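Me: Please choose a single part of this model and take me through it slowly. I am in my first year, so plain words would help.

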Amino acid sequence: MTEAAPRKTEARTVQPGHPALPRYDPKEIEKRWQKRWAADGLYRTPDDAPQPKFYFLTMLPYTSGDLHVGHWYAMAPSDTAARFRRMRGYNVLFPMGFDAFGLPAENAAIKEGIHPHRWTYDNIDNMRRQLKTMGAMFDWSREVRTCDPEYYRWNQWFFLKLYERGLAYRALAPANWCPSCQTVLANEQVLPDGTCERCGTPVTRRDLEQWFLRTTAYADELLDHSKIEWPEQVVAMQKNWISRSEGVEIAFGLDLPAGRHGAPGVEETEIRVFTTRADTIFGVTSMVLAPEHPLVPKLTAPDRRQEIDKYIEYARRQTEIDRMSMEREKTGVFTGAYCKNLLSGEDVPIWIADYALLWYGTGAVMGVPAHDQRDFEFARQFGLPIKVVVAPPDWDGAPLEQAYVEPGTMVNSGRFDVLPSEEGKQAIADYVEAQGWGRRSISYRLRDWLVSRQRYWGTPIPIVHCPKCGPVPVPEPGLPVLLPEDAEFKPTGESPLAGHERFVNTTCPKCSGPARRETDTMDTFMDSNWYFIRYLSPHYDAGPVDPALARKWLPVDQYTGGAEHAVMHLLYARFFWKALRDLGLVDGDEPFLRLFNQGQILGPDGQRMSKSRGNVVAPDEQVSRYGTDTFRCYLMFLGPWDEGGPYAFEGITGIWRWLNRVWNLALSEPPAGAADPVAVREMRRVTHKTVRRVTEDLERFRFNTMLAALMEMTNHLTKARESGPVDAAAWDESIDSLLRMTAPAAPHIAEELWTRTGRPYSVHQQSWPTWDADLTQEEEITLVVQVNGKVRDRLQVPADIEEALAREMALASPRVQAHIGGRDVLRVVYVPGKLVNVVVR
RNA sequence: GCCGGGGUGGCGGAACCGGUAGACGCGGCGGACUUAAAAUCCGCUUCCGCCUCAGGCGGAGUGUGGGUUCGACCCCCACCCCCGGCACCA
């Protein structure tokens, strides 16, 4: 590729009062520079550059096949910020890859008869092509595809490391089952309304042997975000999701009367509950067990058995939707058994009810209707006594209309009476611990991550089930356990791999006897746990990452992506990183030091874009009409990046016009001659102020105001040129800065103009301009004069005006005098450089 | 219900640390160029009222109602609405 130069055949536009200029033709320019940059390896990130490293990561796309506006909205501003970093002297790593495993590939295969492998790789090729039209500085030499065996091999390797450490385990558990996807889902993948986040089908429960990763082992550490700069919103969502509660585990005595033993030999002598309200223990009037609680069959009275069984059956049939529906009346059944409140000595009837959740706390709730709204409703429903033990202020002993959950003074609580309930909480916890009836404990809402999936297009779990040895890890030389190409992948509820004889039948690595492979595959969030580590050395085969490069590049300095991943990817990835840290594979406690969530781009109607609504904006179409640079800038100009918002087709012309003005400005000779010194100083002031504004805006990802500042500068230069001779040096400085500052947002036009104005290739290897604070000083300011806080006059005064003079001028203003109207001046407030406020009355 | 974020012209949005509300852009209106249109360029454009109307003057105004302050889009209190998340978590 030769140096770009204006060609004779080019179309020209005539500017009023200016010689004919070549026309701005983004199509031609953009294609040409993309080729040149690729040929020159301009965006290859060296591992050994002397500059400080900066790892700028943006979330990789799922291989849906088409790059939509949402991708552009996420990536173009990220690219701009990364380019800015680079110009500021950092060695910036800005990689890209493809999240390539997952259900859609399989569904497409079933629907259209294309193999998931083929579907995925075709999509990758198309998306890579589309991504390249963005003109981003992605280092394609580091591309990662998560469905490549050389990638998922390390998923398996990690899995085995976690398994060795007891962080991966298999357990029988009631799992979220999507009848449509025919697979289990992690809790995070069930929407609040109880439907599958992928297909919207109501999720049901199934008891299944599943693989889990022990995320709860890191619950407390995951709750600590003090080492990272993340949006408050995401931090709040993670905290909320993990939700730590401090309380006490307390035993209730279980001494079943003869004849009440459901089964011979009930060895348990207690039921343990978890409570955060130990202070209310004297108010317990029922014990509520989750229907699936293991003690239930043992302690149910024979005459209650039928009803209890019916209720258990009813509870397990509930979909998440039923179970979560609001305003539902409390249901439950009495077991016929009692337990003993060890503190009060009272007998307490044992019930089962589905508002007690097996997985939370101990799966058993002490029912305190007076001080817990759920228990209150339950007691009302079944006529259980409501015993007040924490007196509300001014309580006259009347029955409560609803649970009183606030602190108060303890009553009816034996030796703890009269204590403030907050103190009572501690006193009772101490007492319980001293008596050996329980201990303080912590419960989390967070549950372990269910990672196995009964689907084909994913990473096979590298375990062999041997009838003699049980589950046996595949030894490292046996990795990767390859996903067979020729599987029948119709969903049956069992993994499609289960029907693949050659895959399933194997020998036990331990005893060499016949054995069967695990046929479940891993959740695709496993892939996104560490893809950013693989970018560093995508083809390294002695480990998941070249350790030297891991030390150099990790952790990620800046991560950008959508907030929808707050409690899935972003939580799993933090967990995973911490596990890797403890395995000695990475250093540091957090994978992503800074996070920024862009908002969501909506259709022109303000609704989520969807084919069915017909409000989808096709990026390719916008690009072919206006060019990549215009489209990139427009996405950034729409509004604050973290807010997202509707895409308005009309507005893009504003950016288009602006880039054309920049084009004309840079290529036209300004009128020569002796320039007015005031105008020269003004031009330099505008330029240096703009450099400051743009720099500060880019640091904070405020692309919309950055572009507004560049437009203002452009407008100023246009006017300056119209209104007389221009100082050549000041003009050159302005154009130079303008082009450098335009380069991150509109890389192609900036490069073209940079070259056409005789500057050395490439603008993207130039340093970012700096500003001179002295030159940004205004000579004149507008002094606002207020009377009683209302603006009454504006005076043009020298910036360094003396206070006395300013006050004098303000009071002398006829407009101000008119508004004072002879009233007494009480005081005059002077704010240097801003205003004078005359207070009268 | 709880936790975050937000409510500013016709529209997207701007406003530093409490000091000119409406930058920048779209749209609209008027004008220049053109046979014409497109494109481009220039001017005006928060609302209301008034006047001696190329201009000028006054009032109101940042979801609502209060408060603090010389001065509030910004701080405080109460409330309404919108968006996102969580929601029987003991």
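Reply: A name such as H22 labels a helix, which is a DSSP run of at least four residues, numbered from the N terminus. Bear in mind that this is a predicted model.

Let's begin at the RNA and work into the protein from there. Helix H22, residues 703-722, contributes 7 residues to the surface near RNA strand B, the most that any element gives. In total, 60 residues surround RNA strand B, and the closest are Thr-276, Tyr-360, Arg-374, Leu-638 and Arg-702. Of the RNA atoms that come within 4 Å of the protein, 67% belong to sugar and phosphate. Sorted by class, this surface has 23 nonpolar, 17 polar and 20 charged residues.

A few atom pairs give a finer view. A polar side-chain atom of Thr-275 is 3.1 Å from a sugar or linking oxygen of the strand. Bases take part too: a polar backbone atom of Leu-357 sits 2.7 Å from a base nitrogen, and a polar side-chain atom of Arg-794 is 2.7 Å from a base oxygen.

Now back to the helix we started with, and to its partner. Two packed helices are described by the angle between their axes and the distance between the axes. The axes of H22 and H23 come within 11 Å and cross at roughly 155 degrees. Angles over 145 degrees count as roughly antiparallel, so H22 is roughly antiparallel to H23. H22 passes H23 in a left-handed crossing. On the H22 side, the contact uses Leu-710, Met-713, Thr-714, Leu-717 and Arg-721; H23 supplies Trp-731, Ser-734, Ile-735, Leu-738, Met-741 and Thr-742. These contact residues divide into 7 nonpolar, 3 polar and 1 charged.

Next, follow H23 to another neighbour. Helix H21 (residues 677-699) and helix H23 (residues 728-742) have axes that come within 9 Å and cross at roughly 15 degrees. Since angles under 35 degrees count as roughly parallel, H21 and H23 are therefore roughly parallel to each other. H21 also passes H23 in a left-handed crossing. From H21, the residues that meet H23 are Val-680, Met-683, Arg-684, Thr-687, His-688, Thr-690, Val-691 and Val-694, and they face Ala-730, Trp-731, Glu-733, Ser-734, Ser-737 and Met-741. By class, this contact has 7 nonpolar, 5 polar and 2 charged residues. Look for Trp-731, Ser-734 and Met-741 on your screen: these H23 residues meet H21, and they are also part of the contact with H22.

One more helix pair is worth a look for contrast. The axes of helix H19 (residues 628-637) and helix H20 (residues 652-667) come within 9 Å and cross at roughly 125 degrees. That makes H19 oblique to H20, and their crossing is right-handed. Asp-629, Thr-630, Phe-631, Cys-633, Tyr-634 and Phe-637 of H19 meet Ile-652, Ile-655, Trp-656, Trp-658 and Leu-659 of H20. The class count here is 9 nonpolar, 1 polar and 1 charged.

To retrace the route, start at H22 beside RNA strand B, step to its roughly antiparallel partner H23, and then go on to H21, which is roughly parallel to H23.

Conventions. Residues numbered from 1 in each chain as written. Chains lettered and ligands numbered in written order. Predicted model: local features only at pLDDT ≥ 70, side-chain atom pairs only at ≥ 80, totals over all residues. Heavy atoms only, no water. Axes fitted to C-alpha atoms, helices over the stretch in contact; angles between N-to-C directions. Helix = DSSP H or I, 4+ residues; strand = E, 2+ residues; numbered from the N terminus. Parallel < 35°, antiparallel > 145°, perpendicular 65-115°, else oblique. Left-handed = near helix turned anticlockwise from the far one by under 90°. Contact = heavy atoms within 4.5 Å. Nonpolar A, V, L, I, M, F, W, Y, C, P; charged D, E, K, R; others polar. Near = heavy atom within 4 Å. Polar contact = N/O pair within 3.5 Å; in protein donor to acceptor, adjacent residues only side chain to side chain.
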